[in-house]
Amino acid sequence: MGKVVIIGAGGVGTVVANKVAQNKEVFTDIVLASRTKSKCDAIAHDVKRRTGVTIQTAQVDADRVPELVKLFNELKPDLVINVALPYQDLTIMDACLECGVNYLDTANYEPKDEAKYEYRWQWAYRDRFEKAGLTAILGCGFDPGATSVFTAYAAKHHFDEIHHLDIVDCNAGDHGKAFATNFNPEINIREVTQKGKYYENGQWIETEPHEIHKPLNYPEIGPKESYVIYHEELESLVKNFPTLKRARFWMTFGQEYLTHLRVIQNIGMARIDEVEYNGQKIVPIQFLKAVLPDPGELGENYTGQTSIGCRIRGIKDGKERTYYIYNNCSHEEAYKETGAQGVSYTTGVPATIGAMMFMQGLWKKPGVWNVEEFNPDPFMEQLNKQGLPWHELFDIDLEV
Ligand code: NDP
């Protein structure tokens, strides 16, 4: 059906490579490109062993538009799946416009020198993508991604108006390390150490980091202390679902993780500005990444599961209704299937499904779109088929 270039050979790239190969009737030509070609080759080798499918590999520095343009002109892909880092979003979108290639990513653009996630940089490309007749699909991982589609599905099928949305993200897995992050440490630590923020009655309310917390009950897991943090999908969801009166994002953290995080911050290792070290400039958080466990290597001994979903309160036929839709994903199963742990799996599977939606013409419209702006139904159907089955609960107490 079409040719796809995956950019980024990390944990998420590993899962995407496996899943697109498993869907060879949709993705007839597959290329995996990243900064370090040897990582692409290792993944391609593993995918061949698991699925029998050959993936072509390439080297590219996605910070450089001319390198991307050269690659895209050589390969002529229909779609680029960007699972490198959020810093590369705009350069890849620029190259897509120059070469007439469609675009999909899982995380919104962030400037390297400021931990700030906003869609405005990417939404500013809307007219150019529209004029070029190209589709850009933003935020197609799990959160953002599946959670945004869950919200669209709930609004379409179960509510006349949605009023309260709580996205709840629990990782009850155990990787056996004293401290490790589940995806890129630099991006992860920047995300979880910033101030909290949620939306209420038309306003954004800022909190101190991890100020609001309480135990929430997760299916098959039980109660876990959960913290309100800011997460990027809130920005597009409150815009696309204007009936929302409140929208929050909760994430679980263990005490051990939070203690390490506090120490890392207190000693300056979370700094994102340059410091002078032995006559050389280094960025502390980038140095920290080099010494922390590689998230891609956590899979082998990872046990337990993730549970991520949306808790929604709203109105149906004049009556108040509550609704909880979620997926639980086992780290061990994810590792068996793809060689990557559950957090990479829950991101890479929705990215592959989004790409499939595009290839099949189901999510194809010129412009720049967040995933909740497309028809949720075919995506939801594929979640069940591609390894992330979802479950629904109705009229339950959402506060526990
Ligand atoms: P990793 O750090 O494991 O992998 C990132 C990959 O991108 C590496 O292979 C890296 O290359 C490559 N890369 C970095 N810079 C460049 C560059 N300039 N040019 C080419 N390649 C580059 O990250 P993850 O796989 O954990 O995460 C990938 C993305 O997924 C991130 O954007 C993350 O924010 C997002 N994500 C989204 C989630 C969601 O649910 N929406 C959840 C989790 C992650 P090298 O190996 O050479 O360093």
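**Reading a predicted two-domain chain and its ligand shell**

Mentor: In this predicted model, buried residues make up 49% of the 400 residues in the protein chain, where buried stands for 20 or more other C-beta atoms within 10 Å of a residue's own, exposed for 12 or fewer, and partly exposed for what lies in between, with C-beta atoms placed from the backbone. Residues are numbered from 1 along each chain as its sequence is written. Because the model is predicted, local features need pLDDT of at least 70 and side-chain atom pairs count only at pLDDT 80 or more, while totals for chains, interfaces and linings use all residues.

Trainee: Why is K76 called exposed?

Mentor: K76 has 12 other C-beta atoms within 10 Å, and the limit for exposed is 12 or fewer, so K76 counts as exposed. K76 also has a positive phi of about 50° although it is not a glycine.

Trainee: What makes N278 count as exposed?

Mentor: N278 has 5 C-beta neighbours inside 10 Å, and therefore N278 counts as exposed. N278 lies in the loop between β13 (275–277) and β14 (280–282), and its phi, near 50°, is a positive value in a residue other than glycine.

Trainee: How do you know how compact the protein chain is for its length?

Mentor: The radius of gyration, taken over C-alpha atoms, is set against the globule rule, which is 2.2 Å times the number of residues to the power 0.38. For 400 residues the rule gives 21 Å, and the protein chain has 20 Å, which is close, so the chain is as compact as a globular protein of that length.

Trainee: Why is the ligand said to lie between two domains?

Mentor: Domain 1 (2–138) and domain 2 (146–339 + 388–394) both give residues to the shell around the ligand, so it lies between them; the domain bounds come from an automatic or database domain assignment. The shell has 34 residues, and the closest are G10, V12, A62, G141 and F183, where a residue is near a molecule or strand if its C-beta atom, placed from the backbone, lies within 6 Å of it.

Trainee: How do the residues of that shell divide by class?

Mentor: They divide into 15 nonpolar, 14 polar and 5 charged, where Ala, Val, Leu, Ile, Met, Phe, Trp, Tyr, Cys and Pro count as nonpolar, Asp, Glu, Lys and Arg as charged, and the others, Gly among them, as polar.

Trainee: How many residues of domain 1 are in contact with domain 2?

Mentor: 14 residues of domain 1 are in contact with 13 residues of domain 2, two residues being in contact if their C-beta atoms, placed from the backbone, lie within 7 Å.

Conventions. Helices (H or I, at least four residues) and strands (E, at least two) are DSSP runs, numbered from the N terminus.
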